[in-house]
Amino acid sequence: MTDKLNTGSHDLPVSDALAEFMTTGWADSRRDDVAALPVAAYTAKRRAALAARFPGERLVIPSGTLKVRSNDSDYRFRPHSAFTYLTGDQEPDDVLVIDPSGEATLFLRPRSPRSAPGAAGQEFYRDRRYGEFWVGRRPDLAEAEALYLLDCAPIDRLDDALGGPARVLRGVDASVDARVAPHDGDAELEAFLSEMRLIKDEWEVAELQFSVDATVRGFEDVVRALPAALSHRRGERYLEGVFGLRARLEGNAVGYESIVASGAHACVLHWIRNDGRLNPDDLLLLDAGVETDGLYTADVTRTMPISGRFSPVQRQVYELVYEAQSAAIDALRPGARFRDFHRTAMRVIAEGLRDWGVLKISADEAMETGSGLYRRYTLCSSGHMLGMDVHDCARARAEVYLDGVLEEGQVLTVEPGLYLQPDDLTLPPELRGIGVRIEDDLVITADGARLMSAGLPRHPDEVEGWMAALSA
């Protein structure tokens with residue numbers, strides 16, 4: 001623990017008398033009723049798998065540090081996913097060390113004592129970043145051991161555990177990076193920390209299902225709020241707030257910045273300004289997910305008619321995306337290649353664009369590696385792994401992820417879309433400015449895939465009926 005306090009430039013001075021007074025008269029607030037986190041039994045297995053992958057080596061995985069938002073205000077802390085996956089801990093500046101024998105120790109910042117002399121005894125009421133009076137209580141060492149079922153030690157003893165070479169998850173905590181010389185195997189550690197999360201255990205699948213179910217309720221909230229949002233000059237932002245309330249009430253937050261895109265804004269793949277007015281004649285593309293307290297996120301998209309009814313041309317575009325998504329979902333099964341479902345969806349899209357006369361070449365020609373002309377209208381991939389990160393397992397090697405095969409227990413999204421830009425002169429005028437994406441979350445099962453987000457309708461008739469029922 002540092003002797004330097006994180007105080008503000010306008011903080012009131014503390015007199016010697018006040019400093020002395022603040023060291024006395026406090027009740028014992030230690031807790032002996034702390035129960036282990038439900039995830040603790042699983043994190044132990046994960047650490048054992050990690051140690052077995054790198055036997056006889058020292059492994060260092062930091063949680064991350066607080067990041068300044070402005071001046072002396074920090075962003076709300078969110079730990080590195082690999083760290084929490086291995087510990088259950090979500091506190092800043094903590095570090096997990098697995099020593100060459102395979103034993104794991106969590107180094108953390110203990111609660112500051114209230115009777116110690118100097119800065120150490122003043123942290124609890126003067127330190128804006130870590131003081132208990134400022135940001136709330138953190139567990140002491142005994143409580144942390146009970147929570148995480150893991151040996152814990154003060155962070156100021158970290159250097160004692162870093163003697164000799166070590167693999168470090170780098171780029172997470174600069175102070176940890178500086179303490180350990182770079183290792184040729186650091187990148188391999190980072191890749192494996194992604195790859196070991198490709199297959200979800202039963203606890204993770206349950207967390208993700210909870211997240212998806214909460215997200216379904218958030219989408220229902222948004223539909224109910226459409227009349228009020230239509231009257232606001234920033235209707236998109238109104239709806240963002242409605243979904244955000246559900247995310248904070250049922251989970252930690254949103255798992256990523258919500259995309260609330262009306263009209264032509266839906267043609268912007270990552271539209272997060274959400275400052276547009278709603279037009280009842282337009283479609284609304286909502287891409288949002290609730291992140292659980294355990295930091296697992298859903299990732300769901302629905303495109304819905306703001307009026308409650310698709311126009312003929314809106315239905316035409318929607319139905320093509322629906323057919324593409326349905327074909328892609330049918331392609332999911334253990335042993336199928338990860339890229340297969342995307343190619344399946346794109347075949348349907350290319351054929352539809354050809355039938356519309358938008359593509360002037362055949363679907364076969366458009367699908368060739370040297371062509372890909374259909375991508376002008378559907379730029380990105382049709383899905384990704386899902387878990388603690390919305391784009392989960394991103395550091396995994398291509399041969400085990402993008403070029404790998406699907407396995408039971410993997411959770412992924414299927415999300416084809418059409419983004420018909422408002423200024424695209426290759427399109428007939430009636431199609432310009434329409435964006436449609438349909439995204440669902442699925443878990444690979446022994447014989448196919450289970451639609452985790454089945455609580456939200458996909459077919460256009462069902463979408464209209466769902467909206468009507470919620471508006472009644």
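Biologist: How many Å apart are the mean positions of the 53 positive and 77 negative charges of the protein?

Modeller: This is a predicted model, and what I report is computed from it. The protein carries 53 positive and 77 negative charges, and a mean position can be taken for each of the two groups. The separation between those two mean positions is 3 Å.

Biologist: How many helices and how many strands are there in the protein?

Modeller: Before counting, it helps to picture the extent of the C-alpha trace, which spans about 80 × 55 × 35 Å along its principal axes. Within the protein, the elements come to 14 helices and 17 strands.

Biologist: What percentage of the 472 residues in the protein is buried?

Modeller: A residue counts as buried when its relative accessible area is under 20%. The protein still exposes about 21400 Å², with carbon and sulfur atoms supplying 51% of that area. Of its 472 residues, the buried ones make up 52%.

Biologist: Which element gives the largest share of the lining of the largest pocket?

Modeller: The largest pocket holds about 950 Å³ of space, and the elements that give two or more residues to its lining are helix H10 (235-250) and strand S8 (253-254). The lining has 29 residues in total, and those that lie nearest the centre of the pocket are Arg76, Arg78, Val254, Gly255 and Glu257. The largest share, four residues, comes from H10.

Biologist: Is serine 258 buried or exposed?

Modeller: Serine 258 is found in the loop between S8 and strand S9 (259-262). Leaving aside residues up to four places away in sequence, serine 258 touches Glu240, Phe243, Trp271, Ile272, Asn274, Asp287 and Ala288. Because its relative accessibility is 4%, serine 258 counts as buried.

Biologist: Why does leucine 295 count as buried?

Modeller: Leucine 295 lies in the loop between strand S11 (290-291) and strand S12 (300-305), and its phi is near 80°, a positive value in a residue other than glycine. Leucine 295 is buried because its relative accessible area is 1%.

Biologist: What is the relative accessibility of cysteine 393?

Modeller: Cysteine 393 lies in the loop between H13 and strand S13 (411-414). Its phi is near 60°, which is a positive value in a residue other than glycine. Cysteine 393 counts as buried, and its relative accessibility is 0%.

Biologist: Which residues does isoleucine 361 touch, not counting residues up to four places away in sequence?

Modeller: Isoleucine 361 is found in the loop between helix H12 (340-356) and helix H13 (363-367), and at 22% relative accessibility it counts as partly exposed. Its C-alpha atom is separated by 40 Å from that of glycine 235, a residue 126 places away along the chain. Once residues up to four places away in sequence are set aside, isoleucine 361 touches Arg354, Ala366, Ser371 and Leu373.

Biologist: What distance separates the C-alpha atoms of aspartate 461 and serine 175?

Modeller: Aspartate 461 has its place in helix H14 (residues 460-471), where its relative accessibility of 45% makes it count as partly exposed. Aspartate 461 and serine 175 are 286 residues apart along the chain, and their C-alpha atoms are separated by 56 Å.

Biologist: Among contacts in the protein between residues at least 6 apart in sequence, what percentage joins residues at least 24 apart?

Modeller: A contact here means heavy atoms within 4.5 Å. Among the contacts between residues at least 6 apart in sequence, the part that joins residues at least 24 apart is 70%.

Conventions:
Residues numbered from 1 in each chain as written. Predicted model: local features only at pLDDT ≥ 70, side-chain atom pairs only at ≥ 80, totals over all residues. Heavy atoms only, no water. Buried < 20%, exposed > 50% of the residue type's maximum accessible area, 1.4 Å probe, protein only. Areas by Shrake-Rupley, 256 points an atom, 1.4 Å probe, with all protein chains shown as cover. Lys, Arg positive; Asp, Glu negative; His and termini not counted. Charge placed at Lys NZ, Arg CZ, Asp CG, Glu CD. 1 Å grid on protein atoms, 1.4 Å probe; cavity = no way out; pocket = protein on both sides within 12 Å on 5 of 7 lines; lining within 4 Å. Points joined across faces, edges and corners; volume = space filled by probe spheres on them.
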